[in-house]
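Welcome, and please open your viewer. We will go from stop to stop, selecting a few residues each time and looking at what is there.

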Amino acid sequence: MDIETLHLGPIKIKNKIAIRLFSALDDRLGVKEILDDEVFEKIVPAHLGFWSCFGGISFFLFISQVLTGMLLMVYYEPTIEEAHGTVAMIMNEVPFGWLIRGAHAWGSNLMLVTIMIHMVKIYVSGIYKPPRELNWVVGVTLFLLTLGLSFTGYLLPWTQLAYWATVVGTETPAALPYVGEYIRYAMRGGEEIGQVTLTRFFAIHVMLLPVITASVIGLHLIQIRRQGIAGPM
Amino acid sequence: MSSDTSTEGMDGTRRGFFATMALAFFGSVSALGFAYPLGMYLWPRERKVKGAGERSMKIPLSDVPIGEARFVRFLGKPAVVVRPNEQQVIALSPICPHLGCIVKWREKEKEFLCPCHGGRFDSKGIVLGGPPPFPLPPFSSSVEAEYIVIKEV
Ligand code: HEM
Ligand code: FES
């Protein structure tokens, strides 16, 4: 690209060095074409408004959960001796620990709220109808995965609240006929809630569910790209 | 190419210059806003280790039989107390001066042996062989009543 002005949508760049750097990338990877098609010259339907943003906001919150969660893992220790102490340490001693934990705990609740708003919007405007039924199913899966993340994360501080919430949460499916007790047993990793439970909740919370959720978000977004944004109501 | 003087921004106009400066300013302020808490959060802090801060330590004499060595935690780091014979009580840092492994006591030979590269020390910590460049650093030790008291030197 040997030009004087680089046009990226409304942005005009004349700086030689900036253009050189950009061209270097563009010559090798064809970045300009992708940026133009997907970002700068992408045409977005005019009827999109406030309520259309909640899927994206939920996605943003997920990214934020992943980042703040990884930061919490720097200090958090998933043992029944240390869990509560390390969370207290994050809150009271680690600089900005309150900020990271606060963002994670608030984010987890907000994420459920934004997902629910997103679902209501899709439902009310009938966007779930063909050809988008499959993406509705994927979306509901994402909602359930997020509930799973909240449920498993809630035990991690190992407080009275966390403990008894998990008692209740594992007792509830135990009411199912025939399979209930086995489900409770599997969730707790035994008859009672203890170290085994904390260990498996931690593993599920920080590895299993985040990885699955990220992949399912991928499926969700791929479908949106293939099908395009739904037209106005 | 445009005249690329310093009063022009990325798009080569004066207006662009201000826009670029504003972008650079708010960009760096928000970058700092993220980097500062993140750096502070991640920077390691002193953990309150049991025994740290105490300048001396008491070990019951009966805990260290003649000929044997006991490893303890002193000032947040390992220390070893050894009684090679009836008369002597020696306290040393068991951290090998070569590359930091913890030496072990060999009762029969009455020597410390470093498992990492075979450094050897006598019961006073003097190097007998291998790569360690200097002796095991000593602590002061004394016997008071039925206790061994170790202190920093
Ligand atoms: C890779 C992603 C994630 C990682 C590594 C992670 C990690 C952690 C860790 C270490 C804790 C314990 C510290 C604490 O309680 O403050 C925690 C708590 C928690 N997490 Fe996550 N998390 C992730 C994603 C999520 C997501 C997506 C949600 C829900 C939408 C979530 C919800 C929670 C909840 C509700 C708590 C308990 C918060 C509290 O009581 O303070 N987490 N997480
Ligand atoms: S670390 Fe002890 S001999 Fe190398």
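How many Å separate the centres of domain 1 of chain A and domain 2 of chain A? Taken over C-alpha atoms, the two centres are 39 Å apart. Keep in mind on this tour that the model is predicted.

**Stop 1: the domains**

To see what that distance refers to, select residues 6–40 of chain A, which the domain assignment gives as domain 1, and then 50–227, given as domain 2. Now move over to chain B, where the assignment gives domain 1 as 9–43 and domain 2 as 56–151. In chain B, the centres of domain 1 and domain 2 are separated by 56 Å, again taken over C-alpha atoms.

**Stop 2: the largest pocket**

Go back to chain A and select G55(A), H118(A), H220(A), I224(A) and I229(A). Of the 43 residues that line the largest pocket, these are the closest to its centre. The volume of this pocket is about 1,200 Å³. Next, colour the helices α3 (54–75), α5 (97–124), α6 (133–155) and α9 (195–227) of chain A, the elements that give two or more residues to the lining of the largest pocket. By class, the lining of this pocket divides into 24 nonpolar, 15 polar and 4 charged residues.

**Stop 3: the second largest pocket**

Now select H104(A), S108(A), G153(A), Y154(A) and H205(A), which lie nearest the centre of the second largest pocket. This pocket has 33 lining residues and a volume of about 820 Å³. Which elements of chain A each supply at least two residues of its lining? They are α3, α4 (83–92), α5, α6, α7 (160–171) and α9. The lining of the second largest pocket has 22 nonpolar, 10 polar and 1 charged residues.

**Stop 4: a nonpolar patch**

Turn on the surface and select V44(A), L48(A), F59(A), I63(A), V66(A), L67(A), M70(A), L221(A), I224(A) and I229(A). Together they make a nonpolar surface patch of about 800 Å². Helix α3(A) gives the largest share of the patch, 5 residues, and α3 and α9 of chain A each supply at least two. One patch member to click on is L221(A), found in helix α9 of chain A. You may recognise I224(A) and I229(A) from Stop 2, where they were among the residues closest to the centre of the largest pocket.

**Stop 5: two backbone details**

Switch to a view of the backbone and find P131(A), in the loop between α5 and α6 of chain A. Is the peptide bond from P130(A) to P131(A) cis or trans? This bond is cis, with omega near 5 degrees. Then go on to W158(A), in the loop between α6 and α7 of chain A. W158(A) has phi near 55 degrees, a positive value in a residue other than glycine.

**Stop 6: a salt bridge**

For the last stop, show the side chains of E171(A) and R184(A). They form a salt bridge, with the closest N and O atoms 2.4 Å apart. E171(A) lies in helix α7 and R184(A) in helix α8 (residues 180–188) of chain A, so the pair ties together parts that are 13 residues apart in sequence. Side chains of opposite charge can pair when their charged atoms come close. Over all chains, the structure holds 9 salt bridges.

Notes: Residues numbered from 1 in each chain as written. Chains lettered and ligands numbered in written order. Predicted model: local features only at pLDDT ≥ 70, side-chain atom pairs only at ≥ 80, totals over all residues. Heavy atoms only, no water. Domains from an automatic or database assignment. 1 Å grid on protein atoms, 1.4 Å probe; cavity = no way out; pocket = protein on both sides within 12 Å on 5 of 7 lines; lining within 4 Å. Points joined across faces, edges and corners; volume = space filled by probe spheres on them. Helix = DSSP H or I, 4+ residues; strand = E, 2+ residues; numbered from the N terminus. Nonpolar A, V, L, I, M, F, W, Y, C, P; charged D, E, K, R; others polar. Patch = residues over 30% accessible without salt bridge, like charges linked within 9 Å, V, L, I, M, F, W, Y side chains within 5 Å. Areas by Shrake-Rupley, 256 points an atom, 1.4 Å probe, with all protein chains shown as cover. Salt bridge = Lys/Arg side-chain N within 4 Å of Asp/Glu carboxyl O.
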